[in-house]
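Welcome! Here are a few short exercises to help you find your way around a new structure. Take each task in turn, then compare your steps with the worked solution.

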Amino acid sequence: MLKESIQREEEELRKSNQKPRRPEGWGYFLLLWYLLFYQPVITEIHLRRENIQFLFIRFSAWQYAGSDKLWAGLVTTLCQSIRKHFGALPLSFYHVMGKRPRFASGFSQDEWLLNKRTCLTLGGLVFVLVSGVSLLSVAIFVPGIKDSSALKVIGSATTGLSGSGILVTVFSVVKNMVISQKQKIEKMTDSEKFSSHLGFMSQVKKEIEMLTSFVYYMEIYQRRRLRIVLEITSLDMCYPERVVGVLNAINTLLSDTNAPFIFILVIDPSIIASCLEQTSCMKGMADNGYLFLNRTVTLPFSIPEMGTKSKLQHLQDAVQSREDLMYKIITKNMERGVRNVKGKMIKLVDMEMSSELDQSQIDAQAVRYIHEAFHALHDDTDCLYKYIPDSIIQMKRIVNTIPITIRLMLQQNLMRHTMSPRSVAAWVVMANQWPCRLSWVLQCLEDRLQIRPTEEYRNQSLWGIFVENCKELYSMHKVLQNILALDGDPELFGNFLSNDFPFTVQEANTFLKSTINLDHSIRHKLGLIRGVNSLNKANDTSVTKFSPVQVSTGVQCSGIEECS
């Protein structure tokens, strides 16, 4: 959007030879002059202008998530950002004395008309003020005039009247400078009227209309189109009622077809649709949240799947930011450790000295191993990057987890000769991408070892254990629906464990001692559900295994109920 605006500015300058006005320096005082004495006119020349400037405003719904007035926070953020961009004084001038833009009549191309009403009012006040001061001066300083007391009264009255009119205008400007629109709306939300919405939305609508007309005024003054771009994020982290309130506020702001607002909703549609369906706003839409979104969003843009080149670039950026921080910390620790060791070369027997030396060696190894693990993540000749999701957040989770896992394994002497950094990175990716399936494999392995502890499972692959028990997992998909939703593509999981990274039971036991990104509550829940299912199956089997018995009366019966 910024590139487009720069390109349009250059084209418009070549076409019209008119530079846009900027409300800076001398242009600031010129703007105040126009606000006082002129009314803008929307002409054909203005409508044909293609140069545009975007004012970007970011609104994080999470900042207001705990408030009942989330939508009011959206409106106040909009008002405050416009006030900050254009300045409090021009906005106050417009609020008190400004005139809304009007369309040109006929073929006139004049973009400014003299505001006759303001000129006459101000001229009248100045004339009355000068007359009053003149009469008062004559009555005071010229001796020998009859009825001087009457002249003093008339002069004082006219001076006070005109002065009070000017003071009222100045007071109104100062008041609007001190009390912003944000404060007005916040005060209205705190009042009793807010609970019943008695005229509240109409007041908010008036404030928005005033802002809209001011933006139109600034368009004509700056000789360019202005668009307020409001980027709304974190809406899918709020309560359903708050989500509906924000969407209704957007519809209110966009109710004017020519409103200079562009809203960018950065959302997960499935979560927002679910929030809408939980509220009472879906009456008449068959409880379908997607229909509501389709009526609100005028330009849907689903981010396409990330390509290989883009994914590797994002991974490299995430790794680079992490390595910069990591190298600063570790290098500082290493230098401190080396300085301490060199300063006491004679006392190497000291336990504190030896521990510092060991820690510096661990830090040196950690730097090398972490660098190798990161290289495996964004190496286009390796297959590991294919299993990393396109989400930037998930990439950062993986990149942030790998250094901690490697350092924990080094502290426990689990990695120095047995595990490769690439394997550690692959294990972290698997725990991040398929927490439910990995927890299921580990739970099945634990149950098996509890029944028959033995060493024969050490070299068995995790994929083999999953294949043996996958039917039981999928039979419980209704109970585990929310947990299974955490996992990525099941086919990729099969290819990951069976072909590219065939981890064994022994390797899994080693990794588990340092795994920090696998939620243990998932495994605990899976164990409870599996235990209950095992008990149910055992009860069903015990009932069906009763054989027909002969009763002394000669009647044949089967089962517990008939025999009893």
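**Exercise 1. The chain as a whole**

Among contacts in the protein chain between residues at least 6 apart in sequence, what percentage join residues at least 24 apart? Describe the make-up of the chain as well.

Solution.
- Step 1. Keep in mind that you are looking at a predicted model.
- Step 2. Take the contacts between residues at least 6 apart in sequence: 79% of them join residues at least 24 apart.
- Step 3. Turn to secondary structure: the protein chain has 24 helices and 8 strands.
- Step 4. Add burial: 40% of the 564 residues count as buried.

**Exercise 2. Confidence along the chain**

Find where in the protein chain confidence is lowest and where it is highest.

Solution.
- Step 1. Start with the average: the chain has a mean pLDDT of 79, and 79% of the residues score at least 70.
- Step 2. Go to the extremes: helix α24 (residues 560–563) has the lowest confidence, with a mean of 32, while helix α17 (residues 421–433) has the highest, at 94.
- Step 3. Look for low stretches: over residues 543–564 pLDDT stays under 50, and the model has 13 contacts beyond four places in sequence for them.
- Step 4. Residues 337–354 also stay under 50, with 8 such contacts in the model.

**Exercise 3. Following K311**

Is K311 buried or exposed, and which residues is it in contact with beyond four places in sequence?

Solution.
- Step 1. Locate K311: it sits in helix α14, which covers residues 308–343.
- Step 2. Check its surface: the relative accessible area of K311 is 9%, so it is buried, the cut-off being under 20%.
- Step 3. List its contacts, setting aside neighbours within four places: M306, Y385, K386, I388, P389, D390 and M395.
- Step 4. Compare sequence with space: I392 is 81 residues from K311 in sequence, yet their C-alpha atoms are 9.1 Å apart.

**Exercise 4. The largest nonpolar core**

Which members of the largest nonpolar core touch the most other members?

Solution.
- Step 1. Among its 64 residues, L377, L384, I402, M430, F496 and F503 touch the most other members.
- Step 2. There is another core apart from this one, with 59 residues including L32, Y34, L55 and C238.
- Step 3. Pick F496, in helix α21 (residues 490–500). F496 is buried, at a relative accessible area of 0%.
- Step 4. Beyond four places in sequence, F496 is in contact with L384, Y387, A426, M430, W434, F501, P502 and F503.
- Step 5. Now try L384, whose partners beyond four places include A376, L377, A425 and V429.

**Exercise 5. A bent helix**

Where is the kink in α19 centred?

Solution.
- Step 1. Helix α19 runs over residues 462–475 and has 14 residues.
- Step 2. The kink, of about 55 degrees, is centred on N469.
- Step 3. N469 is also one of the buried residues of α19, along with L462, I465 and F466 among others.

**Exercise 6. Cysteines**

Why does C275 form no bond with the closest cysteine sulfur?

Solution.
- Step 1. Find the closest cysteine sulfur: it belongs to C238 and lies 8.6 Å from the sulfur of C275, too far for a bond.
- Step 2. Widen the search: the whole structure has 0 disulfides.
- Step 3. Check burial: C275 counts as buried at 8% relative accessibility, and C436 does too, at 0%.

Conventions: Residues numbered from 1 in each chain as written. Predicted model: local features only at pLDDT ≥ 70, side-chain atom pairs only at ≥ 80, totals over all residues. Heavy atoms only, no water. Helix = DSSP H or I, 4+ residues; strand = E, 2+ residues; numbered from the N terminus. Buried < 20%, exposed > 50% of the residue type's maximum accessible area, 1.4 Å probe, protein only. Contact = heavy atoms within 4.5 Å. pLDDT = per-residue confidence, 0-100. Expected span 1.5 Å × (residues − 1). Bend = angle between axes of the 7 residues up to and from the residue. Core = buried A, V, L, I, M, F, W, Y, C linked by side-chain atoms within 4.5 Å. Disulfide = S-S within 2.5 Å.
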